Structure formats: C-alpha cells, structure tokens
Amino acid sequence: MNPTQDVLICGSMAFDTIAVFEGRFRDHILPDSLKSLSVSFFVPTLRKEFGGCAGNIAYNLKLLGGHPVPVGTVGQDAEDYLQRLRDLQIDASLVRVLPDTYTAQCYITTDQENSQIASFHPGAMLRSAENDLTGRAARWAIVSPDSKDGMFVHAGRLHAAGIPFIFDLGQAMPLFDGDDLRRMLTMASVLTANDYEASVIEDRMGQSIAEIASGLRAAVVTRGAEGATLYAQGSRTDIAPVPVARVVDPTGCGDAHRAGLLYGLVNDWSLRDACCLANVMGGFKIASQGPQNHCPSRDQIAAMLHRHYGVDAGFA
C-alpha cells in the first residue's frame, strides 16, 4: 500500500445500541409525574451498530476503494469492532485500545412516532488526545467529531506535518465557541457542515460561510434533500441531490458524504465533482438502516455518479 494515498480519519469510534418501543412515549411520560419519573419500556427489537464518525467515514471511503486509516480511541470491549476493521482490510494501526475504559457508546430507544430517548457514554473518546499520529504520512485527513482536546491535538499535528485536512464540526458543535472555530480554521483546508451547523458557525464567528470560505480552499454545506452547496474561489455552486427511492435512516449520511469528498480530494478531482460523489454516497446511505450496512459496489457508485451528474468516476 502506498502511504501517500492514505487518508487519516480522526474522530470517534463508537457502538450504537438501538431499541424500538412499539408504543408512544407520550402515553407513559406524563407532565404531572415528571418530578418522580420512573418508567420502563418493553423493547422487543434491539440492534447494535458499529458507528462513530471515524468508523463511518472509514467504512465509506473503503467502499470507494480508498485507503482510510482511522485515528481513534476504543476501550476493552472493542475486539469485535477491531475484527470488523481487519475483515474490511482497513488499517487499524492508529486505533488505540485503552484497556481501562469502554468504547464510546450511545443507547437509543425510539418509539413508533420516531421520538427518541438517548444516553451517550463517551468512554475512551475522552482520551483521544493521547493518540499520537505524528510521523504518519498521508495525502489528506479529516478532523471529525471527537473530544475537543483530541480534535485540536490532531489538527495541530496534521498542520505541522503539512497534511491538508477537512474540519467537520458535526456533533462537537456545542464545544466550540467563535475563538475555537477561528483557531481550528487557521489550520484546516476545507470546512464541512450541515445547514444548521453552518448557521451556528456563522453566528459564532460573525461571518457568512462565503466569507469564511474565502480563507480556505473550500467550504461545503450539506442541505439534506436539497443537496449541497460548495463555496470556493469566491463563488457558490449548488449541487443537486441524488433522487432516492426511499428514505430509511439518515444516521451516518454526513459521514458518507465526507468520505466521497475525501475520495475526490485525494484523487485530484474538481471540487464540484468531489461534491457530486459525496452526494451519491449520502444517497446510498440514506436508503439503508444503520451507518455501516449499505454496501454498493464501485460499479453501482460510478453508474449513479454518471447518471445524475455526468461525472466519470474513472475507477480502475
């Protein structure tokens, strides 16, 4: 494997445990009983998913034939996740196991109205700054949601090594104020965010995304069913969405999108074409339950990319 084609995927590695309650929470959680709340839900449907931003992005980039190297911390319970990475032939050499912790995990119970009750245990993720990527060659990287300290440590090391990276704020949004964002963007090459995150970034920095993008190679804002918007070289380009037959689960769509963008950047595609591929990856993901269960072939990805955007993937 050529290390100069590697992509360092910095971010969380997590398990998502999802239970389905076949009733409605609002029939059991009554306003008058909130002071002494004690409820129990019978959940006959349960599934455990491999997740976390680094894991999800790496999975999608591997589907494209890329060379992802996830950079994350996991706990004593992560052997099945590590085995999955090995089975997928994903380089797990920068996934650090902390034996005195558990892997980050989210416990989600959803009802028949798609309301959710969730609990998140950060576990090993809180110590992601201890994972040192110094000396690892790579063509591109991404700093995706993780502990705040870890995100800054990874960004600093990537910047010092001259490795361009995408900054993906995502679920770490509550941790970053305006000064934090400005500091991160002095190191990053590309900013990605969904439309809500973009509005928060604009508010906290006191600048529009177009103004922020003027100091970067690009900024990409995803807009769900409306596609995505690319800001680069002083212009705005709207990228139409990929039509999907059905919307099954949006979980992990942003991570799939980031993987498509990274593949284009690594392979010197135009930014517009890279965003088109990113939309295609998001389209495949949303039609599948869970963040890592879709498995389109490269031929299927290339066909959809050409059909909807006229872009030739050129997969070997």
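Reader: Which residues of helix 2 are buried, and what does the word mean here?

Author: Tyr81, Leu82, Arg84 and Leu85 are the buried residues of helix 2. Buried stands for under 20% relative accessible area, exposed for over 50%, and partly exposed for what lies in between, with a 1.4 Å probe and protein chains only. Helices (H or I, at least four residues) and strands (E, at least two) are DSSP runs, numbered from the N terminus.

Reader: What kind of model are we looking at, and how is it numbered?

Author: It's a predicted model, where local features need pLDDT of at least 70 and side-chain atom pairs count only at pLDDT 80 or more, while totals for chains, interfaces and linings use all residues. Residues are numbered from 1 along each chain as its sequence is written, and side-chain values use heavy atoms, leaving out hydrogens and water.

Reader: Back to Tyr81, Leu82, Arg84 and Leu85, the buried residues of helix 2. What arc do they cover around the axis?

Author: Only 155°, where the arc is that of the directions from the helix axis to the C-beta atoms. That puts them on the same side of helix 2. An α-helix has 3.6 residues a turn, so residues three or four places apart point the same way.

Reader: What do the buried residues of helix 2 pack against?

Author: Strand 2, strand 3, helix 1 (53-63), strand 4 and strand 5; contact here means heavy atoms within 4.5 Å. Helix 2 lies across strand 2 and strand 3 and runs at about 60° to strand 3. For that angle, axes are lines fitted to C-alpha atoms, for helices over the stretch in contact, and angles run from 0 to 180 degrees between N-to-C directions.

Reader: What happens just after helix 2?

Author: Glutamine 89 takes a positive phi of about 60° there. The residue sits in the loop between helix 2 (79-87) and strand 5 (95-97). Most residues other than glycine have a negative phi.

Reader: Why is glutamine 89 called exposed?

Author: Its relative accessible area is 62%, so glutamine 89 clears the cut-off for exposed. Aspartate 268 has a phi near 60° as well, and its place is in the loop between helix 7 (253-266) and helix 8 (271-286). At 59%, aspartate 268 also counts as exposed.

Reader: How do you know which strands pair with strand 2 and strand 3 in the open sheet?

Author: Two strands pair if DSSP finds at least two bridges between them. Seven bridges join strand 2 (residues 14-20) to strand 3, and the two run antiparallel. One bridge partner pair is valine 20 with threonine 45 in strand 3. Four strands make up the open sheet, in the order 3-2-6-7, with mixed pairing.

Reader: What makes strand 3 (45-51) and strand 7 (116-121) edge strands?

Author: Each pairs on one side only. From one strand to the next, the twist averages 15°.

Reader: What makes strand 1 (residues 6-10) largely enclosed?

Author: Five of its five residues are buried, so the rest of the structure largely encloses strand 1. Asp6, Leu8 and Cys10 point one way, Val7 and Ile9 the other. Strand 1 runs parallel to strand 4 (residues 67-74), with five bridges, and parallel to strand 8 (residues 140-143), with four. Leucine 8 has valine 69 as bridge partner in strand 4 and alanine 141 in strand 8.

Reader: How many aromatic pairs are there, and why is the one of phenylalanine 15 and phenylalanine 50 called tilted, stacked or edge-to-face?

Author: There are ten. Rings of Phe, Tyr and Trp (its six-membered ring) pair if their centres lie within 6.5 Å; planes under 30 degrees apart count as stacked, over 60 as edge-to-face and the rest as tilted. Phenylalanine 15 and phenylalanine 50 have ring centres 6.1 Å apart and planes at 50°, so this pair is tilted. Phenylalanine 15 is in strand 2 and phenylalanine 50 in strand 3, 35 residues apart. Ring pairs link Phe15, Phe50 and Tyr81 into a cluster.

Reader: Are phenylalanine 15 and phenylalanine 50 buried or exposed?

Author: Phenylalanine 15 is buried at 1% relative accessibility, whereas phenylalanine 50, at 21%, is partly exposed.

Reader: How many disulfides are there, and how do you know for cysteine 53?

Author: Zero. A disulfide is a pair of cysteine sulfur atoms within 2.5 Å. The closest cysteine sulfur to that of cysteine 53 belongs to cysteine 106, 12 Å away, which is too far for a bond. Cysteine 275 is in no disulfide either, with the nearest cysteine sulfur, in cysteine 276, 7.2 Å away.

Reader: Why are cysteine 53 and cysteine 275 called buried?

Author: Cysteine 53 has a relative accessible area of 4% and cysteine 275 one of 1%, so both meet the cut-off for buried.
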